[in-house]
Amino acid sequence: PQMAFDQCITVSCREGYAAFLNGVPSSSNTSVTFCCQTLCGALTALRCEQITCPPLYEQFDFSSCAESVDASGRIWGEGTTVVCSDGCSLEGEVPGEEAAEGVVTRTLEGSSAAFGDVTVYATVGFPVPSRTSSTSVSMSGNYSMLSFVIPAGSWPENVTTGLTVSVFDLPEAITGGGDDLTGAGGQVFSVIGQAIDLGPEGATFDPPVTISCPFPPGSYGGKTIKVFKYDTATSEWVEKDSPSGVSSAVDFVSGSVQAETDSFSPYVAVAVTPKPQQPPPVVSVSSPEATLAFTPPPP
């Protein structure tokens, strides 16, 4: 079909299929929207393609423990079999699928292990991103508003596992139970959302990756919504910069806020209280004839 100017159309794909626009996968994975703004022709740019999972050897290091592995790629929904040698066991999460959505209590890995047992709401793993092109991935279900962008060349060559994301509650001893906290830069803020734990631990990124954190949608009375990192080594809260080139890093409708980072740590959405305006000083000028006092205008 042909499209009229300013007409928009959304294509939603069935389970097991991913949405593409002009050969580029949609950030939401399962649907894509196209609006006719310039040259509008047939809708050949929109399509759904069957999801194919990469071979297991690209996702896991079986080393010498695997007695047999069906190493070929699989389309969505197909299974595969791994047989471990005597004395070995299969561990890890399957990348590309949500490994768990539902409330569980467990201890996270890496620096987040310092929190002890926490309530985890969702965990997802993704395949190793491309090093030659930008990769954008999103969570699904209750956290479909969360997306992550890894620029071309950012993922370290020596890191052979993909991005992992866990959504969890920080302990009240860390968040203050909703009370105001103070960041390393002197900002006064309160924690408003669930935290995210990102892996793999210890990886660094150049250029930085874009992450997002959830928070309850709504109005926050003029407060600024930002992403803060909690440094488990120093017990300090550190503000993260918004992504460059993004007009607005905050989506108040879906409840998500973006930031850039060059390493992985626990991150959470916070509401920053505006700094109070200081009254301007009064300047006095004296002369033999008179004394004048005036207040300079604010900068």
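Which residues of the largest nonpolar core touch the most other members? In this predicted model, the largest nonpolar core comprises 32 residues, and those touching the most other members are Met-139, Phe-148, Leu-163, Val-165, Ile-196, Leu-198 and Ile-211. At least two residues of this core are supplied by each of the strands E11 (117-125), E13 (147-150), E14 (164-168), E17 (195-199), E18 (204-214), E19 (224-231), E22 (256-263) and E23 (266-272), and the largest share, 4 residues, comes from E18. For Met-139, when residues up to four places away in sequence are not counted, the residues touched are Ala-122, Val-124, Phe-126, Ser-144, Leu-146, Phe-148, Val-165 and Val-167. Apart from the largest core lies another core, made up of 17 residues, among them Leu-170, Phe-189, Tyr-230 and Val-270.

These cores belong to a protein of 299 residues, of which 35% are buried, and its secondary structure consists of 1 helix and 25 strands. Among the contacts with a separation of 6 or more, 63% are accounted for by residues 24 or more positions apart. The protein exposes about 16800 Å², and carbon and sulfur atoms supply 52% of that area.

Aromatic rings were examined next. The count comes to 9 aromatic pairs, one of which is formed by Phe-115 and Phe-168, with a distance of 6.0 Å centre to centre and an angle of 35° between the planes, an arrangement classed as tilted. Because Phe-115 lies in the loop between strand E10 (98-107) and E11, whereas Phe-168 lies in strand E14, this pair ties together parts that are 53 residues apart in sequence. Phe-115 has a relative accessibility of 11% and therefore counts as buried, and Phe-168, at 0% relative accessibility, likewise counts as buried.

A second example is provided by Trp-155 and Phe-205, whose ring centres are 5.3 Å apart and whose planes stand at 40°, so that this pair is also tilted. Since Trp-155 is located in the loop between E13 and E14 and Phe-205 in strand E18, the pair ties together parts that are 50 residues apart in sequence. Both Trp-155 and Phe-205 are buried.

Ring pairs further link Phe-115 and Phe-168 with Phe-189, Phe-228, Tyr-230 and Trp-237 into a cluster. Two members of this cluster, Phe-189 and Tyr-230, are also among the residues of the 17-residue core.

Definitions and conventions: Residues numbered from 1 in each chain as written. Predicted model: local features only at pLDDT ≥ 70, side-chain atom pairs only at ≥ 80, totals over all residues. Heavy atoms only, no water. Core = buried A, V, L, I, M, F, W, Y, C linked by side-chain atoms within 4.5 Å. Buried < 20%, exposed > 50% of the residue type's maximum accessible area, 1.4 Å probe, protein only. Contact = heavy atoms within 4.5 Å. Phe/Tyr/Trp six-rings, centres within 6.5 Å; stacked < 30°, edge-to-face > 60°. Areas by Shrake-Rupley, 256 points an atom, 1.4 Å probe, with all protein chains shown as cover.
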